[in-house]
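Visitor: I've got a model open and I'd like to learn how to read it. Could you walk me through it, starting with the charged pairs?

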Amino acid sequence: MLGVAGLWTDDPAFATGWLFPAVLLLGGLAVEAWYAHGTHVVLRMYVQGRLRLGCATPGAFAFRHDRGRAQTLLYARALPVAFRQGTEVRQVQLPADEEWLDDVELVPLLLGAGRFGPVPARLLGRFSIAWWSRELPLAQTFSVAPDSLPRGARPIAGESAGETPRRLPGLGAELLQLRDYVSGDALSRIDWKATARRGSLIAREYSEAQHLEIIMVVDAGRASRVRAGELDRLGLYANVAARLAQHAVTVEDRVGFIVYADRVLTSSLPDRGVRAVSRLRRALETLETNRGESDPLVAAMHVRRMLRHRGLVVWLTDLADPARTEALMQAVKALVPRHQPIVAAPHAAEIAQLAGQPLREWRDASVALVAREYRERAQLQVATLRRQGAVVLDEPDDKLDQAALDAYLQLRRRRRA
């Protein structure tokens, strides 16, 4: 303003009066640029506990700098695409010679390993004249695992999981042999009398009829990228499979898995105890959606080779596409009647809401009609699969987990009756 005024004035003294504040301003900016360039801000990410898919985990951005006075920093809470995104920009005061923690809630939405990226920031200059932009490098890695049961939770109410083994008449608990205890065996398998005589842990091995063999079949094809609430379908399938496996091993059932798309991507034979759960979780933790179309018949043939006896097949997939459902029907035919399939297929609750919403605008009628046709087609596919002998769980995304557990418990009790 002084410079513009000097150009329009006839006073020679005033014409050059703006040079002095301009020199001060430029000098101050130069000093700030030098000072900001020499200020090193180090950023780290603290994560309290393991990252579990869809669950909030406490974390913190940790800042430290090398100056002897407090620094003012403006930064955007930029997180990788695997996490729930926020748009918050924070201004923090970083004390000297001390690490400053700014708490953040981390909600992972995608499985697998990743790396935190650089965070955009601005540092306030030494004289508070300007903000100086920079990127704070953050090269820490992270890994997102499927969700698990809360620590100390009793997975299945009413089932025996105590330390004292006992014979329950009428439930088919026939003792096959005694053998050495193996890491991963449930404590309820230990024969304490034989252990006292032998001086080492001895476990009871029951007849095969005592246990269920369960195969978790996870569809990782192209359609598993579809959103299911905040997660994608693959993440929802992984959480359901991991939690159900934890429930099953507490009552001595054996758990295996198959992950497939246009081919079988990975699999594991049924096993018991923590070994089975750990193997399943490791496989799901590194799982990615495959670009190919799913081929359920390939998975069904693999299931038949893996299960030597009658078993339970929990099939986590989508029924939205009629072509895929037809292939799934062929796969179910290949399993029934020797095995009992449970087809767990989530549907979006938003579609049911669209089908029944009141008409307010001209386009609402078309939207409601399409949503009704979609639900009618899905219900027809469910009915057809049930006629094939499968138990079909057509549930909203947020209720699929409990529905799968209820169906498993019902079939288990029916088998033991």
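Guide: Happy to. This is a predicted model, and a search of the whole structure turns up 22 salt bridges.

Visitor: How do I read a single one, then? Which residue does Arg84 form a salt bridge with?

Guide: Start with the atoms that do the pairing. Arg84 pairs with Glu230, and the closest N and O atoms are 2.7 Å apart. Then look at where the two partners sit along the chain. Arg84 is in the loop between β4 (71-76) and β5 (89-94), while Glu230 is in the loop between β14 (227-228) and β15 (231-232). That is 146 residues apart, so this pair links distant parts of the chain.

Visitor: And are those two buried, exposed or something in between?

Guide: Check the relative accessible area. Arg84 comes out at 35%, which makes it partly exposed. Glu230, at 40%, counts as partly exposed too.

Visitor: What about Arg90: which residue is its salt-bridge partner?

Guide: Arg90 forms a salt bridge with Glu88, with 3.6 Å between the closest N and O atoms. For accessibility, Arg90 has 28% and is partly exposed. Glu88, at 39%, is partly exposed as well.

Visitor: Let's try another. Where do Asp253 and Arg412 lie?

Guide: Asp253 and Arg412 form a salt bridge whose closest N and O atoms are 2.8 Å apart. Asp253 is in the loop between α5 (233-249) and β16 (254-260), and Arg412 is in helix α11 (residues 400-416), so the bridge ties together parts that are 159 residues apart in sequence. Now for accessibility, where buried means under 20%. Asp253 has a relative accessibility of 1%, so it counts as buried. Arg412 is buried because its relative accessible area is 6%.

Visitor: Which residues do salt bridges with shared partners join into one network?

Guide: Arg52, Asp147, Arg243 and Asp401. When you meet a case like that, follow the shared partners rather than reading each pair alone.

Visitor: Now helices. How is a packed pair described?

Guide: You give the angle between the two axes and the distance between those axes. Take helix α7 (residues 296-306) and helix α8 (residues 322-335). α7 and α8 pack at an angle of about 15°, and their axes are 8 Å apart. Angles under 35 degrees count as roughly parallel, so α7 is roughly parallel to α8. The crossing of α7 and α8 is right-handed.

Visitor: Which residues make the contact between α7 and α8?

Guide: From α7 you have Pro296, Leu297, Ala300, Met301, Val303 and Arg304. On the α8 side the contact uses Arg324, Ala327, Leu328, Gln330, Ala331, Ala334 and Leu335. Sorted by class, the contact of α7 with α8 has 10 nonpolar, 1 polar and 2 charged residues.

Visitor: At what angle do α8 and α10 pack?

Guide: Helix α8 and helix α10 (residues 364-387) pack at about 10°, with 10 Å between their axes. α8 and α10 are therefore roughly parallel to each other. Pro322, Thr325, Leu328, Met329 and Val332 of α8 meet Arg377, Gln381, Thr384 and Leu385 of α10. That contact of α8 with α10 divides into 5 nonpolar, 3 polar and 1 charged residues. Leu328 of α8 appears in the contact with α7 and in the contact with α10.

Visitor: Can we look at single residues too? Where does Asp321 lie?

Guide: Asp321 is in the loop between β18 (312-316) and α8. At 26% relative accessibility, Asp321 is partly exposed. For sequence against space, compare Asp321 with Ala378: they are 57 residues apart in sequence and 8.7 Å apart, C-alpha to C-alpha.

Visitor: And which residues is Asp262 in contact with, leaving aside neighbours within four places in sequence?

Guide: Those are Asn290, Glu293, Ser294, Asp295 and Val298. Asp262 itself lies in the loop between β16 and β17 (264-271), and it is partly exposed at 38%. Asp262 and Ala220 are 42 residues apart in sequence, with 9.0 Å from C-alpha to C-alpha.

Visitor: Zooming out, how many helices and strands are there?

Guide: The protein chain has 11 helices and 20 strands. Of its 417 residues, 47% are buried. Among contacts with a separation of 6 or more, 71% involve residues 24 or more positions apart.

Notes
Residues are numbered from 1 along each chain as its sequence is written. This is a predicted model: local features need pLDDT of at least 70, side-chain atom pairs count only at pLDDT 80 or more; totals for chains, interfaces and linings use all residues. Side-chain values use heavy atoms; hydrogens and water are left out. Axes are lines fitted to C-alpha atoms, for helices over the stretch in contact, and angles run from 0 to 180 degrees between N-to-C directions. Helices (H or I, at least four residues) and strands (E, at least two) are DSSP runs, numbered from the N terminus. Angles under 35 degrees count as roughly parallel, over 145 as roughly antiparallel, 65 to 115 as roughly perpendicular and the rest as oblique. Contact means heavy atoms within 4.5 Å. Ala, Val, Leu, Ile, Met, Phe, Trp, Tyr, Cys and Pro count as nonpolar, Asp, Glu, Lys and Arg as charged, and the others, Gly among them, as polar. A crossing is left-handed if the near helix is turned anticlockwise from the far one by less than a right angle, and right-handed if clockwise. A salt bridge is a side-chain nitrogen of Lys or Arg within 4 Å of a carboxyl oxygen of Asp or Glu. Buried means under 20% relative accessible area, exposed over 50%, partly exposed in between (1.4 Å probe, protein chains only).
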